[in-house]
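Biologist: I am new to this structure and would like a close look at a single part, the metal site. Which protein donors hold the magnesium ion (ligand 2), and how far from it do they lie?

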Amino acid sequence: MGLTSEWARAWVALSAKVIAENRVELTALDRPIGDGDHGENMNRGFTAVVPKLDSLAEGSAADILKLVAMTLISTVGGAAGPLYGTGYLKAAGAVAGQDELDGASLVAILAAARDGIVLRGKALVGEKTMIDAWTPAVDAAAEAHAAGKSELEILQAAASAAEAGAVATEPLIARKGRASYLGERAIGHRDPGAQSTALLLRAAADAAAA
Ligand code: ADP
Ligand code: MG
């Protein structure tokens with residue numbers, strides 16, 4: 001049996017909680033290689049999503065993801081707002097009209113989100129951005145799905161790969177965004193957007209486990 005819109009709802013609620021809990025850490029990551037606002041930006045966006053989610057009594061997973069997209073685009077600002085906003089919007093489009101989300105739907109959500117972020121930001125893997133968390137997550141999810149794993153296992157594989165991807169941004173030189181102005185001085189610092197992606201994808205898995 002697949003996941004339902006209740007999973008999407010729980011994912012968003014848990015995302016808001018986890019982003020709030022990690023707001024200071026995300027901002028601290030953005031200080032040495034950015035402008036020290038990533039945690040604030042993300043927290044502003046997800047804090048704004050929660051009451052809107054409550055007023056959306058009925059709604060498919062696609063409706064919920066679209067609500068997140070629109071709210072992030074209008075409230076987050078910075079680079080991350082339009083990037084994540086586009087990601088959630090494309091994710092919503094990938095599962096439009098689906099009442100039940102199976103493994104293929106979950107892979108489609110992740111792949112569409114990643115592709116949307118790439119479309120918008122043009123980052124390649126290895127350029128020290130959130131794409132360095134998203135792309136291994138998509139690959140791990142696709143692999144888990146191909147191996148016949150459950151929806152929960154697919155999301156757990158994606159989350160673990162995103163976490164490893166975020167850590168793996170530390171030795172990289174940044175080629176996109178504010179961190180790219182620093183050249184080699186970005187080495188040794190984890191990319192804040194890759195870290196927030198890892199948090200959001202762990203929330204997706206935890207929401208499926210609940
Ligand atoms: P800003 O850089 O405008 O202050 P944030 O601090 O909220 O915005 O977000 C910074 C994060 O955005 C970076 O850590 C990186 O992951 C991500 N980012 C920046 N530019 C790009 C891009 N072109 N493609 C993908 N991700 C990007
Ligand atoms: Mg910033």
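The magnesium site and its setting

Modeller: The magnesium ion (ligand 2) has as its protein donors Asp30 (OD), Asp35 (OD) and Asp37 (OD), which lie 2.1 to 2.2 Å from it; donors here are N, O and S atoms within 2.8 Å of the metal (3.2 Å for Na, K and Ca), and since water is not among the atoms, sites may look incomplete. This is a predicted model, in which local features need pLDDT of at least 70 and side-chain atom pairs count only at pLDDT 80 or more, while totals for chains, interfaces and linings use all residues. Residues are numbered from 1 along each chain as its sequence is written, chains are lettered from A and ligands numbered from 1 in the order in which they are written, and side-chain values use heavy atoms, with hydrogens and water left out.

Along the sequence, the donor residues of this magnesium ion follow the spacing D-x4-D-x1-D. Asp30 counts as buried, at 8% relative accessibility, whereas Asp35 counts as partly exposed, at 35%; buried means under 20% relative accessible area, exposed over 50%, and partly exposed in between (1.4 Å probe, protein chains only).

The chain around this site comes to nine helices and zero strands, where helices (H or I, at least four residues) and strands (E, at least two) are DSSP runs numbered from the N terminus. Buried residues make up 51% of its 210 residues. The radius of gyration of the protein chain, taken over C-alpha atoms, is 16 Å, which agrees with the value near 17 Å for a compact globule with 210 residues, the globule rule being 2.2 Å times the number of residues to the power 0.38. The C-alpha atoms fill a box of roughly 50 × 40 × 30 Å, taken along the principal axes.

Of the contacts in the protein chain with a separation of 6 or more, 69% join residues 24 or more positions apart, contact meaning heavy atoms within 4.5 Å. Leu199, in helix H9 (residues 192-209), is buried, with a relative accessible area of 14%. Not counting residues up to four places away in sequence, Leu199 touches Val18, Asn22 and Leu26. From Leu199 to Lys66 the distance is 20 Å, C-alpha to C-alpha, with their positions 133 residues apart in sequence.
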